[in-house]
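Biologist: Could you walk me through this one? I am new to it, so please take it slowly.

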Amino acid sequence: MLSICAKIGYSTPIAELELNFNKGKIYGICGANGAGKSTLLRTLAGELYPLEGTVKIGDVSVTDLKSVGKIITISTPDFYPDVSIGEHFKILSKTGKVNFADSIQRWNLEELLRKSPNKVSSGQQQRSFLALQLEIHSEVVVLDEPERHLDAFWIDILAQELKKKATNGTAVILASHSQDILNICDEVIHLEKYDIAS
Ligand SMILES: Nc1ncnc2c1ncn2[C@@H]1O[C@H](COP(=O)(O)OP(=O)(O)OP(=O)(O)O)[C@@H](O)[C@H]1O
């Protein structure tokens, strides 16, 4: 469904990959700091062009207009500073036609809805962001360290949510340093330091 056959990197290559990602599966990407996990995710999502080669969803390049909306990227939490967390849910429920009631309950966000995103903890921000983004339908979801700032209880909830997403037919691709999250993956890709001479 999503495929990459490419050399990736910014100006110099950091990996050369040939991979396929199928719907209904969870793929983990692991490796040391700087190994290229975020670069791979950004290339898969069409935010970064490969140095050589292609990234396709079906037969269409991920950078083609036809691919818009098929892939969602969940990375650093991003909120409007003067808009309450609850208003973010309201705005997205109108524009994306999504009902967030269950998601707000599952992520235990009722008490945070009136607050500004700048006045809650990093873990609370992350929970709110995941509750918003994971509820939106897409064929592929790409997550960069989704466990960031979460305690063990919420990492477990995150694992359940990702499994549910995959069961519903989404291809889930994540980069993580958490063994608890990597354990739920159907396949784990280890990125090693790339030998430029190769
Ligand atoms: N915006 C950028 N411009 C140029 N080079 C970059 C940029 N972002 C990252 N790099 C370089 O690309 C390489 C891979 O970085 P990347 O962020 O993909 O690593 P990572 O595996 O996600 O690391 P971490 O575990 O620290 O998040 C690093 O050597 C880094 O210095």
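**A first look, starting at K70**

Biologist: Is K70 buried, exposed or something in between?

Modeller: K70 is partly exposed, because 17 other C-beta atoms lie within 10 Å, where 20 or more would make a residue buried, 12 or fewer exposed, and anything in between partly exposed, with C-beta atoms placed from the backbone. This is a predicted model, in which local features need pLDDT of at least 70 and side-chain atom pairs count only at pLDDT 80 or more, while totals for chains, interfaces and linings use all residues. Residues are numbered from 1 along each chain as its sequence is written.

Biologist: Where is K70 found, and what is it in contact with?

Modeller: K70 is found in the loop between β5 and β6, with helices (H or I, at least four residues) and strands (E, at least two) taken as DSSP runs numbered from the N terminus. Leaving aside neighbours within four places in sequence, K70 is in contact with I57, S138, E139 and V140, contact being C-beta atoms, placed from the backbone, within 7 Å. The C-alpha atoms of K70 and H137 are separated by 8.5 Å, although these residues are 67 apart along the chain.

Biologist: Switching to α4, how many of its residues are buried?

Modeller: In α4, 10 of the 12 residues are buried, so the helix is mostly covered. Those buried residues pack against β6 (71-74), α2 (85-95), α3 (101-106) and α5 (152-167).

Biologist: And what span should α4 have?

Modeller: Helix α4 (residues 122-133) should span 16 Å, because the expected span is 1.5 Å times one less than its number of residues, and its end C-alpha atoms are 16 Å apart, which agrees.

Biologist: What about the sheet, which order do its strands have?

Modeller: The order is β2-β1-β4-β5 in an open sheet of four strands with antiparallel pairing, where two strands pair if DSSP finds at least two bridges between them. The edge strands, each pairing on one side only, are β2 (13-21) and β5 (60-61). Strand β1 (residues 2-9) pairs with β2 over eight bridges in the antiparallel sense, and the bridge partner of C5 in β2 is E18.

Biologist: Last topic: which residues are around the ligand?

Modeller: They are Y10, I14, G31, N33, G34, A35, G36, K37, S38 and T39, counted as near when the C-beta atom, placed from the backbone, lies within 6 Å of the molecule. Helix α1 (residues 37-44) gives the most to this shell, with three residues.

Key: Contact = placed C-beta atoms within 7 Å.
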